[in-house]
Amino acid sequence: MIAAKRLLDQPWRMIGWLCVVAGLYATYVRFTRGLGASTNLSDDFPWGLWVGFDVVCGVGLAAGGFTISAIVYIFRLEKYRPIARPAVLAAFVGYLMVVGGLLFDLGHPWRLWHPLVMWNHHSVMFEVSWCVTLYTIVLTLEVSSLVFERLRWLRANRRIHMIILPLTLAAVLLSMLHQSSLGSLFLLVPGRLHALWYSPLLPLHFFVSAMAVGCAMTIVESNLSARAFGRCVEADVLDGVARIAAALLGVYLVLRVGDLVVRGVITQLWPLNPAGLFFLAEILLGAAIPMVLFSMGRIRRNTKWLYHTGQLAVIGFVVGRLNVSVTGFEMTAGKTYIPAWTEFAVTAMLVTIGIKVFYLAAKHLPVFEEDHDASLRSRRWRAEMDQQAGSLPNASSVAPAGLLAPEEQVSNERFQPI
Amino acid sequence: MNAILFDANECVGCKACVYACTSENELPDSDEDRLSDRRFTVLEEIDEDEEWYLRRMCMHCVDPSCASACPVGALKKTDLGPVVYDFDKCIGCRYCMVACPFNIPRYEWDSMTPRVRKCQMCRERVAEGKSTACAEACPTGATKFGERSALIAEAWQRIDSAPDAYARHVYGEKEAGGTCVLIIGPQGVMDALNPNIPDGPLPHRTWFVLSQIPAAVAVVGAGLVGVNWIIQRRMKLGDVTTTETREPTEGGAS
């Protein structure tokens with residue numbers, strides 16, 4: 001009874017549970033009766049919601065991880081350091097969800113490892129699977145630092161810190177490759193994808209829009225964590241992220257619309273037709289409106305508006321990616337595909353699990369700045385650091401000076417965070 | 001390279017090719033008139049009065065999109081002509097189905113161990129030097145098996161000898177960079193074929209991007225390392241200057 005009342009009091013909790021229960025049933029259908037029974041996929045629409053949303057959107061939405069860590073660890077814009085860890089954690093959880101989605105979508109999920117052994121270097125899909133695998137390993141290493149820090153495994157933690165620059169470099173290069181390659185996948189289908197979406201520049205469009213939405217996701221995720229953990233939003237930092245997002249969206253708009261003009265496809269927008277409307281929805285919601293809003297100081301300074309603008313950019317991005325992977329095919333095929341409820345249920349379950357995993361990780365690991373300082377101030381931690389510093393000759397180069405110095409310095413200096 | 005020539009003007013619609021295909025590939029009997037996971041070829045009636053029929057089947061592209069798309073190389077173009085499928089490698093990503101410009105591969109959606117299904121141009125028979133089952137079964141010679149270049153020459157010869165009966169087009173000679181199934185016939189039949197197939201081989205479009213990867217990684221990687229080095233160095237120098245300037249001031253204050 002009490003549990004039921006608690007559920008009713010918290011609508012989001014109840015919705016989450018509904019998603020999980022429905023998703024579990026859909027999972028049962030998928031793995032006992034196959035793709036035919038659990039999806040509305042067909043020979044005309046071999047790819048649907050699971051590829052279009054869980055994979056193509058999921059990878060894009062997790063782009064905040066490499067974008068922010070490049071800004072912090074390669075370009076050394078220290079201001080953004082506080083959001084680097086949450087962004088990397090969000091990317092890690094995102095990629096776990098992508099792999100989860102793939103396990104549902106592949107006809108033979110237990111053969112997931114085949115591309116690692118059976119090579120076809122002419123295949124974009126081969127390249128994507130290699131890059132996603134390697135990048136997931138990179139993310140695991142980056143996130144493992146949080147676990148090591150929590151467990152106070154100083155030596156292991158130090159090893160990760162030593163390779164943080166190469167790790168970030170690998171993250172940026174791998175992301176550049178597979179974010180753009182998700183677009184290259186569709187270069188092979190000039191006859192089947194509507195001209196509003198088929199473009200030789202698809203890889204570039206995918207890469208730039210992924211970085212932009214990575215920034216938007218970081219804004220959304222910062223606001224949500226602030227609410228969940230009763231923290232303050234890093235207003236100054238997010239202001240900068242919004243500026244970067246505005247610039248990236250501007251570049252994307254120029255590339256996207258310029259490409260349509262140069263290829264002479266822009267005329268297909270008029271008279272208004274379904275394809276044109278989907279395109280306008282994608283461009284206005286996902287690029288034009290957020291770009292204008294993100295570039296307005298009044299919006300950037302208002303936490304609530306900034307959050308909503310971020311949400312808008314994310315929604316528009318999802319519409320855009322689904323346009324390429326589903327709608328654009330529907331428009332040329334003249335046939336419609338509407339996902340089965342089981343497809344929605346699995347997707348909703350994966351998203352719910354992802355949010356829950358992020359929440360739990362953020363709660364128990366030193367993800368946010370405060371946790372950091374708190375763990376630094378704990379006496380036991382400092383004692384251990386002193387001991388480590390004493391036993392290792394080179395420790396002072398790794399452990400910040402503040403840790404070995406009197407108490408008042410501790411709040412100013414931080415252990416070099418990942 | 002072997003190929004199949006289908007001449008719609010010779011076809012009488014007896015479906016001997018369909019039945020031969022069914023028994024050769026041990027497919028279940030069914031009346032399906034569209035390609036499916038149990039039908040590798042069908043005979044489509046284009047015009048009842050004119051008795052025009054059109055065979056639908058895998059086109060066995062010279063440079064197939066499906067084989068280039070497959071991440072594990074489960075689909076392959078063989079030197080003899082057939083584009084063949086190796087189920088033991090397939091992971092079921094279905095990119096081949098998305099990639100095929102002719103929308104040919106079919107999937108066993110209701111199976112727990114689903115296979116991609118399509119015509120394999122009787123790979124065993126062809127390897128033994130025999131013709132495909134459909135060509136052997138055809139009573140009128142509407143489906144003919146042979147060397148691709150010879151069949152293209154024969155197709156043009158047939159078109160030239162009866163210009164009124166044929167459209168001046170050998171479908172498959174140039175489509176998607178050329179296919180190993182060639183189709184000729186009256187304009188009415190040719191109109192039923194997908195006209196939106198670009199002439200060049202489609203895999204070139206993705207290979208163009210993939211082949212840039214090593215250079216892109218090298219350039220961007222070097223660029224990022226360089227930028228990082230400069231920034232680190234400037235930060236270090238900046239630190240030195242600030243401490244140098246700060247120290248005298250602090251000294252002066254005390």
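What follows is a short walk through chain B, its three-stranded sheet, and a set of ring contacts, some of them in chain A. The model is predicted, so a few ground rules apply: local features need pLDDT of at least 70, side-chain atom pairs count only at pLDDT 80 or more, and totals for chains, interfaces and linings use all residues. Residues are numbered from 1 along each chain as its sequence is written, chains are lettered from A and ligands numbered from 1 in the order in which they are written, and side-chain values use heavy atoms, with hydrogens and water left out.

Chain B first. Its secondary structure comes to nine helices and nine strands, where helices (H or I, at least four residues) and strands (E, at least two) are DSSP runs numbered from the N terminus. Of its 254 residues, 48% count as buried; buried means under 20% relative accessible area, exposed over 50%, and partly exposed in between (1.4 Å probe, protein chains only). About 12200 Å² of chain B is exposed, with carbon and sulfur atoms supplying 52% of that; the areas come from the Shrake-Rupley method with a 1.4 Å probe, and for residues only the protein chains shown count as cover. Among contacts in chain B with a separation of 6 or more, 55% involve residues 24 or more positions apart, a contact being heavy atoms within 4.5 Å.

Within chain B, three strands make an open sheet in the order 8-1-9, with mixed pairing; two strands pair if DSSP finds at least two bridges between them. Strand 8 (143-147) and strand 9 (181-184) of chain B sit at the edges with a single partner strand each, so one side of each has no neighbour in the sheet. On average, neighbouring strands of this sheet are turned by 25° against each other, direction ignored. Strand 1 (residues 2-7) of chain B runs parallel to strand 9 of chain B over four bridges, and L5(B) stands opposite L182(B) of strand 9. Helix 6 (residues 148-161) of chain B packs on the sheet and touches strands 1, 8 and 9 of chain B, its direction making about 130° with that of strand 8. Axes here are lines fitted to C-alpha atoms, for helices over the stretch in contact, and angles run from 0 to 180 degrees between N-to-C directions.

Now the rings. There are 16 aromatic pairs over all chains; rings of Phe, Tyr and Trp (its six-membered ring) pair if their centres lie within 6.5 Å, with planes under 30 degrees apart counted as stacked, over 60 as edge-to-face and the rest as tilted. W47(A) and F186(A) are edge-to-face, 6.0 Å centre to centre with 85° between the planes. These two residues are 139 residues apart, W47(A) in the loop between helix 3 (35-38) and helix 4 (49-61) of chain A, and F186(A) in the loop between helix 10 (164-184) and helix 11 (202-229) of chain A. Both are buried. The rings of W47(A) and Y95(B) have centres 5.4 Å apart and planes at 15°, so this pair is stacked. Because Y95(B) lies in helix 3 (residues 95-99) of chain B, the pair joins two chains. Y95(B) is buried at a relative accessible area of 0%, and W47(A) at 4%. Together, W47(A), F186(A), F329(A) and Y95(B) form one aromatic cluster.

Charges also sit over rings in chain A. The charged end of R231(A) is over the ring of F368(A), 4.0 Å from its centre, and R321(A) lies over the face of F206(A), at 3.8 Å from the ring centre. The rule is NZ of Lys or CZ of Arg within 6 Å of the ring centre and within 35 degrees of the ring normal.
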